[in-house]
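Please find below some notes on the model, set out as numbered points for discussion.

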Amino acid sequence: MYCMHCGKELPDGAKYCIYCGGEQMMIPEQLRHTQTPVTGPLPMEGERRDQDPVTGPLPMTGEQHAPAPVDAPVFVPEKKETYVPKYAPKPMEEDMSHVVFRGGYERSVEKLMNIGVELSGIAILFLFIRLILSAFIRSYTMARSDIYLSFLALAFLLAACVVNTQSGKRLWLGAIPLILTAIDYFLMIREVNEINPKEDFGYDVGWSKYGISLILFVVYFAVYLWMTYQRTKDNRAGAVVLAVISMAALVLFMVQTTNMVSEDIKDESNVEIWYDMFTGLHIICFHIIYFCFALRGILAKKEEPET
């Protein structure tokens with residue numbers, strides 16, 4: 001007999017190989033005559049398993065298959081086409097008219113102006129709520145000038161966002177709300193000074209209360225005109241400055257709103273709490289819209305000057 005591991009000759013009936021020490025498996029007598037005797041070492045890894053190194057090719061078994069003839073036809077699976085319903089909708093083509101290019105990259109300013117449209121509508125809703133709440137506050141009622149100017153400012157702001165989605169030729173509309181808001185603060189300063197004269201308090205009460213806001217909107221207006229002028233230029237400094245001013249104003253009015261609401265909570269003035277809160281939300285929406293205008297000015301391509 002031969003070792004089942006190293007293939008060297010061993011005495012008949014040996015259980016272990018005297019050369020490699022491998023255990024030998026005993027083959028039953030009835031199977032010994034039905035199988036091809038192993039006359040050499042088992043094939044190494046990578047060698048053919050269908051051929052004995054000594055006696056030649058091994059007999060075919062049920063698990064092996066004869067090689068296909070050379071001229072046998074090659075089976076190629078049938079390629080099925082993708083099923084498309086007869087009445088399937090046509091794929092939508094993206095409208096690229098609103099896309100502008102600057103610095104080699106596609107930027108969509110339509111999305112920015114859509115945000116401005118939505119915020120304008122929300123600000124108008126907040127203004128309606130302020131008007132309703134003012135009727136329940138005995139110590140304060142919204143002046144007619146405040147109502148008219150606020151609604152006009154938001155209406156022009158909404159129009160400016162709608163008409164400047166694709167082209168910036170009507171950006172000047174965005175300057176009108178700034179003018180109206182500055183006039184509104186000027187009228188509020190006069191009203192406060194009439195109620196609280198300087199002779200009684202020793203200082204300008206209206207200016208101390210609304211002076212910073214008035215100056216802010218005057219600067220707002222100048223920077224916005226600067227950005228509008230630069231839409232036909234490669235320089236975008238005006239838009240960058242407008243973005244900084246709008247964010248600074250947003251933080252300023254958020255702090256003011258928080259302080260007013262905190263004072264109302266201490267005084268347990270329930271209606272005033274809601275009134276001041278919606279006032280702050282209306283102003284916050286206003287400044288976020290101008291931040292969208294600033295981003296539009298930064299991202300939009302240079303436009304041709306109007307003739």
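1. How many cavities of 30 Å³ or more does the count come to? The count comes to one cavity of that size or above, and it should be kept in mind throughout that this is a predicted model. The volume of the largest cavity is about 60 Å³, and 10 residues line it, those closest to its centre being Leu171, Met227, Arg231, Arg236 and Gly297. Sorted by class, this lining holds four charged residues and four nonpolar ones, together with two polar residues.

2. On the overall fold, the chain has eight helices and four strands, and their order along the sequence reads α-β-β-β-β-α-α-α-α-α-α-α. The chain has 307 residues, of which 34% are buried.

3. The largest pocket deserves a paragraph of its own. The space inside the largest pocket amounts to about 1300 Å³, and of the 43 residues that line the pocket, Met188, Lys209, Tyr210, Met260 and Asp276 are the closest to its centre. By class, the lining of the largest pocket is made up of 18 nonpolar, 15 polar and 10 charged residues.

4. Which helices each supply at least two residues of the lining of the largest pocket? They are α3 (144-163), α4, α6 (205-229), α7 (237-267) and α8 (270-299). Among these contributors, α8 gives the largest share of the lining, namely nine residues.

5. Helix α8 also holds phenylalanine 278, and here the question is whether this side chain should be called buried or exposed. Phenylalanine 278 has a relative accessible area of 13%, and because the limit for a buried residue is under 20%, phenylalanine 278 counts as buried. Its C-alpha atom lies 9.0 Å from that of alanine 123, although the two residues are 155 positions apart in sequence.

6. A second group of residues centres on alanine 160, which is placed in helix α3 and is buried, with a relative accessible area of 0%. Three C-alpha distances from alanine 160 may be read together. Valine 117, which is 43 residues away in sequence, is 8.7 Å from alanine 160 in space. Methionine 113, 47 residues away along the chain, has its C-alpha atom 8.8 Å from that of alanine 160. Arginine 170, 10 residues away along the chain, is separated from alanine 160 by 7.1 Å, again between C-alpha atoms.

7. Two of these partners of alanine 160 can be set side by side. Methionine 113 is located in helix α2 (residues 110-134) and counts as buried, since its relative accessibility is 0%. Arginine 170, by contrast, belongs to the loop between α3 and α4, and with a relative accessible area of 45% arginine 170 is partly exposed, because this class takes in values between the 20% limit for buried and the 50% limit for exposed residues.

8. Which residues form the nonpolar patch on the surface that includes Ile179? The patch is formed by Ile179, Ile183, Phe186 and Leu187, and together these four have about 310 Å² of accessible area. Isoleucine 179 is part of helix α4, which runs over residues 175-195, and α4 is also one of the helices that supply at least two residues of the lining of the largest pocket. Is isoleucine 179 itself buried or partly exposed? With a relative accessibility of 37%, isoleucine 179 counts as partly exposed, and this value also agrees with the patch rule, because patches are made of residues with over 30% relative accessible area.

Terms used: Residues numbered from 1 in each chain as written. Predicted model: local features only at pLDDT ≥ 70, side-chain atom pairs only at ≥ 80, totals over all residues. Heavy atoms only, no water. 1 Å grid on protein atoms, 1.4 Å probe; cavity = no way out; pocket = protein on both sides within 12 Å on 5 of 7 lines; lining within 4 Å. Points joined across faces, edges and corners; volume = space filled by probe spheres on them. Nonpolar A, V, L, I, M, F, W, Y, C, P; charged D, E, K, R; others polar. Patch = residues over 30% accessible without salt bridge, like charges linked within 9 Å, V, L, I, M, F, W, Y side chains within 5 Å. Areas by Shrake-Rupley, 256 points an atom, 1.4 Å probe, with all protein chains shown as cover. Salt bridge = Lys/Arg side-chain N within 4 Å of Asp/Glu carboxyl O. Buried < 20%, exposed > 50% of the residue type's maximum accessible area, 1.4 Å probe, protein only.
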